[in-house]
Every structure is written in structure tokens, then in C-alpha cells.
Amino acid sequence: MTLLNVGVAAVLLRAAAAKTVGPSVAASALQELTGGRRRPADIVVRMVALLEVATLVLLIAPATRPVGYGAVAVLGLSFAALGAAGLLRGSDRPCGCFGVDNDKPLGTANVITGLAFAAVALTGLLAGPDAGSAATAATLTSAVSSGWLLVTHRTAAATAYRSFLRRWGSA
Amino acid sequence: MTIVLACALLLLTAAVVLLFAMMGELASRTSGAAPAASTEVSPLEEYRLGAVVDEWPEPLRALDTGSRVVVLVLSTVCATCAKVAAQISGGALEGVADTVGIAVSCAERADGEEFVLRNGLADIPTYVDERGGWVAGSFSVTQSPTALVFDNGVLSEGYLFTSVAELLREVRPAGTARAAV
């Protein structure tokens with residue numbers, strides 16, 4: 001259960017960072033869902049990011065974990081609903097979902113991830129709050145988030161590493 | 001004590017993730033303004049509009065033609081730049097190669113040269129811009145991938161972009177009319 005929680009927390013952290021810095025991407029995708037009517041304000045997207053961060057924090061502390069599962073379920077079902085709506089409308093605007101650098105619009109990935117979130121939340125509620133200490137959850141979330149960044153930016157990481165080795169060798 | 005350290009580590013990680021997001025590495029770039037028709041090209045906000053090129057770097061000297069030319073600024077540490085380089089090596093500059101050059105911004109010359117070789121850019125006029133000295137020093141450009149448009153050697157437009165084809169449609173360098181873009 002700890003690993004599932006950590007996985008969800010890492011996704012939430014990255015998604016929140018992307019929404020906080022570039023809310024216009026998600027806002028634009030949401031506008032498309034409503035048939036091009038009023039574009040959601042950036043502050044609305046940033047509030048969702050805040051909710052994601054709050055959910056992450058609730059998931060980490062054992063005492064607040066049940067509430068965190070509730071929030072994960074709400075977020076997951078919302079993501080799934082938005083993904084389904086994107087599929088139905090044939091959305092083609094990039095949504096910047098989950099902080100992944102690609103041009104994918106709202107669609108299948110959101111449905112799958114959203115349902116996975118809901119499944120984790122349900123499992124967590126049934127299993128109880130005993131899913132590792134706060135320190136373990138925080139440390140593992142850091143490790144998974146850092147590892148994910150290294151994997152998705154391996155070219156930059158490799159360049160930085162080679163540069164470091166060259167400087168080390170010439171020092 | 002352990003919990004304090006773990007929380008500090010998580011905060012540090014969150015800061016790094018946020019930093020990557022601020023560098024535009026966690027989501028496709030779009031304009032902060034109302035969405036335009038294309039989400040792949042948006043105006044560059046910070047650059048020295050009207051800056052004059054005193055002397056073109058040797059590899060880009062062919063751009064000193066007095067007509068409308070474009071310099072694509074790529075960086076060795078930007079994930080999107082590698083995707084742009086793949087488009088270029090795939091023939092995205094076909095028909096406009098005479099009026100488009102590339103500046104590869106890098107920490108060290110070896111990194112830039114390796115980027116050029118790895119991405120198959122060796123046949124295209126490419127200037128390895130060590131520590132971004134030329135693009136940052138002369139034009140105050142610190143983002144990538146960017147496109148700098150020069151009319152008669154004067155920097156007249158700047159763009160952030162992710163699609164070379166969309167960019168060429170937007171900026172129309174000299175020779176575009178005969179190019180299939």
C-alpha cells in the first residue's frame with residue numbers, strides 16, 4: 001500500500017507543479033471541452049494544483065491518510081470524467097496532464113490514471129491507514145519523484161554528468 | 001528528527017520539480033494569452049528587439065545576405081530541443097536551408113559538438129555557442145528552443161516553438177515561397 005500511495009503522491013506533485021507554473025495549458029484544454037465557451041481562469045487551475053498538493057500531504061501522514069484517500073478518489077474520478085469527455089468530444093488540445101511533456105489531449109490516459117487513483121483510494125480505505133510512517137512515505141515520494149525526473153530528462157542528466165566528469169578530470 | 005529530515009527532503013524535491021516546470025520541461029508550451037490557432041509557436045517575451053548583428057559567427061556567415069533569415073536556438077540540456085533537432089534532421093528545413101541557421105547553446109564546446117553529431121545536424125550551418133555567449137550576450141535570449149528572425153541583420157522577431165513546420169509558416173523566411181512547408 002505504501003508504494004501505491006507513493007506513486008499517487010509523485011504523480012500529484014508533478015501535476016501540481018505543471019499546473020501552478022503553466023495553468024494556461026490545462027485551461028485551454030478545459031475550454032475546448034466546453035465547446036470553446038469561457039476559458040477557465042488561471043486561478044481555478046492553480047486551485048486544483050493546490051488541492052493536489054493538499055492531497056499529497058494528507059496521504060503522507062498516517063493520521064490524515066483516510067481523508068487523503070477520499071481526496072484521491074474525488075480527483076481520480078474527476079480526471080477519469082474529464083478524460084472520457086475529451087474522448088467523446090475528440091479533444092486535440094494538449095492538456096499538459098500529470099506534468100508529462102507531450103502533446104496528448106484529455107483522453108484515454110486520463111481515464112486510466114483516474115480510475116487507478118480511485119482504485120488506490122478504495123484499497124487504501126479498505127486496508128486502513130497503516131501504510132508506512134510519514135517519514136517513509138515522504139522519503140519514498142522524494143525518491144520516486146527524483147527518479148521520474150531523471151528518467152524523463154535522461155539526456156540532460158547524461159550531459160550534466162559528462163560535463164561534471166570532464167571538469168573533474170581537468171581539475 | 002527523521003520526520004523532519006524526510007519532510008525537508010520532500011520539500012527539496014518539490015522545489016526541483018517546480019524548477020523543471022518553470023523551465024517549461026513538464027508540459028507543452030503554449031502562450032499565456034488567449035490560445036492562438038497554433039499552440040506550437042508563441043512570441044518570445046524577453047529578447048533585445050532591434051539588436052544589430054555586428055558580425056555573424058563563422059558557421060552562420062551565409063546568413064549575412066541582407067534578407068529575412070532565421071536562427072534557431074537550441075540547447076544541449078533541453079528535452080524539447082532534441083525533438084526539434086529530430087524534426088530538422090528529418091528534413092524540416094528543406095527548401096529554406098539557405099536562410100535558416102542553428103545556434104546550439106551549451107556549457108562546453110564538446111557538449112555542443114556532440115549534440116550536433118548525435119542529432120544529425122552536421123550538414124546544416126550550426127554555430128556551437130559556448131555558454132550561450134552569442135545569443136545571450138548579443139540578444140538577451142536565455143530560453144530554448146527559440147527562433148530569432150533577422151531582417152537585414154536586425155533582430156525583428158523572436159519566438160518560442162516546438163514545431164519547425166509551424167514556425168516556418170509563421171515567420172516565412174526568405175525562400176519559403178518555394179519551400180514545401
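Here a trainee and a mentor discuss how some features of this predicted model are named.

Mentor: In this predicted model, local features need pLDDT of at least 70 and side-chain atom pairs count only at pLDDT 80 or more, while totals for chains, interfaces and linings use all residues. Residues are numbered from 1 along each chain as its sequence is written, chains are lettered from A in the order in which they are written, and side-chain values use heavy atoms, without hydrogens and water.

Trainee: Why are α2(A) and α3(A) called roughly perpendicular to each other?

Mentor: Helix α2 (residues 23–33) and helix α3 (residues 42–60) of chain A pack at about 105°, with their axes 9 Å apart; angles of 65 to 115 degrees count as roughly perpendicular, and therefore α2(A) and α3(A) are given that name.

Trainee: Which residues make the contact?

Mentor: With contact meaning heavy atoms within 4.5 Å, α2(A) contributes A:Pro23, A:Ser24, A:Ala26 and A:Ala27, and α3(A) contributes A:Asp42, A:Val45 and A:Arg46. These residues divide into 4 nonpolar, 1 polar and 2 charged.

Trainee: What makes B:Ser140 notable?

Mentor: B:Ser140 has a positive phi of about 55° although it is not a glycine, and it lies in the loop between α4 and β5 of chain B. In that loop, between α4 (133–139) and β5 (146–151), B:Pro145 is also found, joined to B:Ser144 by a cis peptide bond with omega about -5°.

Terms used
Axes are lines fitted to C-alpha atoms, for helices over the stretch in contact, and angles run from 0 to 180 degrees between N-to-C directions. Helices (H or I, at least four residues) and strands (E, at least two) are DSSP runs, numbered from the N terminus. Angles under 35 degrees count as roughly parallel, over 145 as roughly antiparallel, 65 to 115 as roughly perpendicular and the rest as oblique. Ala, Val, Leu, Ile, Met, Phe, Trp, Tyr, Cys and Pro count as nonpolar, Asp, Glu, Lys and Arg as charged, and the others, Gly among them, as polar.
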